[in-house]
Amino acid sequence: MKMVRKLSIGFALIVMGACASSPPDLNDNLIVRGDRVGDVELGMTLFQLFAARGAPRMTTPIPGTRATTYSYDGLVVAADDAVYWIIARDPRYRTEIGVGSGAEQILARGAYGKPKCVVTENDVTVYDYSDIYFEVDNKSGKVKEVGIMRDTQTCDG
């Protein structure tokens, strides 16, 4: 009986250890600034991107670079050898605070505070926080898209 109890306890410890070390669920539609949007992570290789998302709906070379944009349902991903920016245009993708496409600009500004810079062009204003930015429609005051990079370039001119 003692042997069965010891085996049961050992098995329980192994199962609990396996649960504690399992990888995070990246199929959560969460926008994590400077890191990922759902299962698409900054720095992942093209092979990893295609394994995670499949074939893109459309690809577009970025002029003057070796990079290409890959369009998926609600996401646009830019990569050369690895993913370096991700744009979420679908409202199902949200930050931990709830900011995503369709959110009020005031929510984004209130949640993230003073941006690194603000750039207004035509019908949109971009609020850039270095590792995340929000593009806001000037007429509606609603977020159109959320983009992430390790270091955005909106403020660079």
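**Group meeting talk: ring pairs, salt bridges and a surface patch**

Let me start with tyrosine 70, which is buried, with a relative accessible area of 9%. Before I go on, please keep in mind that what you see above is a predicted model.

So what does tyrosine 70 pair with? The partner is phenylalanine 50: the two ring centres are 5.5 Å apart and the planes sit at 75°, so this pair is edge-to-face. Phenylalanine 50 comes from helix 2, residues 46-53, while tyrosine 70 belongs to strand 5, so to speak of distant parts of the chain is fair: the two are 20 residues apart. Unlike its buried partner, phenylalanine 50 counts as partly exposed, at 34% relative accessibility.

Let me stay with the rings for a moment. How many aromatic pairs does the structure hold? The count is five. One of them joins tyrosine 84 and tryptophan 85, again edge-to-face, with 6.5 Å from centre to centre and 90° between the planes. Here tyrosine 84 is partly exposed, at 28% relative accessible area, and tryptophan 85 is buried, at 18%. If you look at Tyr112, Tyr129 and Phe134, you will find that ring pairs link them into a cluster.

Now to the charges. Side chains of opposite charge can pair when their charged atoms come close. In this model there are eight salt bridges, and I would like to walk you through a few.

Take aspartate 28 and arginine 36, where the closest N and O atoms are 2.9 Å apart. Is arginine 36 buried or exposed? Arginine 36 counts as buried, because its relative accessibility is 8% and the cut-off for buried is under 20%. Aspartate 28 is partly exposed, with a relative accessible area of 32%.

The next one is aspartate 131 with arginine 33, with 3.0 Å between the closest N and O atoms. Where are the two residues? Aspartate 131 lies in the loop between strand 10 (124-128) and strand 11 (132-137), and arginine 33 in the loop between strand 1 (30-32) and strand 2 (36-37), so this salt bridge ties together parts that are 98 residues apart in sequence. Aspartate 131 is buried, at 19% relative accessible area, whereas arginine 33 is partly exposed, at 32%.

A third bridge connects arginine 66 and aspartate 81, and its closest N and O atoms are 3.2 Å apart. This pair also joins loops: arginine 66 is in the one between strand 4 (58-61) and strand 5 (68-72), aspartate 81 in the one between strand 6 (75-79) and strand 7 (83-88), and the residues are 15 apart. Both partners are exposed, arginine 66 with a relative accessible area of 63% and aspartate 81 at 54%. Elsewhere, Asp73, Asp90 and Arg92 are joined into one network by salt bridges that share partners.

Let me finish on the surface. Which residues make the nonpolar patch of about 270 Å²? They are Ile97, Ile106 and Leu107. Isoleucine 106 has its place in helix 3, residues 105-112, and counts as exposed, at 64% relative accessibility.

To recap, we went from the edge-to-face pair of phenylalanine 50 and tyrosine 70, through salt bridges such as that of aspartate 131 and arginine 33, to the nonpolar patch that includes isoleucine 106. Thanks for listening, everyone!

Conventions:
Residues are numbered from 1 along each chain as its sequence is written. This is a predicted model: local features need pLDDT of at least 70, side-chain atom pairs count only at pLDDT 80 or more; totals for chains, interfaces and linings use all residues. Side-chain values use heavy atoms; hydrogens and water are left out. Patches are made of residues with over 30% relative accessible area and no salt bridge: like charges are joined within 9 Å, nonpolar side chains (Val, Leu, Ile, Met, Phe, Trp, Tyr) within 5 Å. Accessible areas come from the Shrake-Rupley method with a 1.4 Å probe; for residues, only the protein chains shown count as cover. A salt bridge is a side-chain nitrogen of Lys or Arg within 4 Å of a carboxyl oxygen of Asp or Glu. Helices (H or I, at least four residues) and strands (E, at least two) are DSSP runs, numbered from the N terminus. Buried means under 20% relative accessible area, exposed over 50%, partly exposed in between (1.4 Å probe, protein chains only). Rings of Phe, Tyr and Trp (its six-membered ring) pair if their centres lie within 6.5 Å; planes under 30 degrees apart count as stacked, over 60 as edge-to-face and the rest as tilted.
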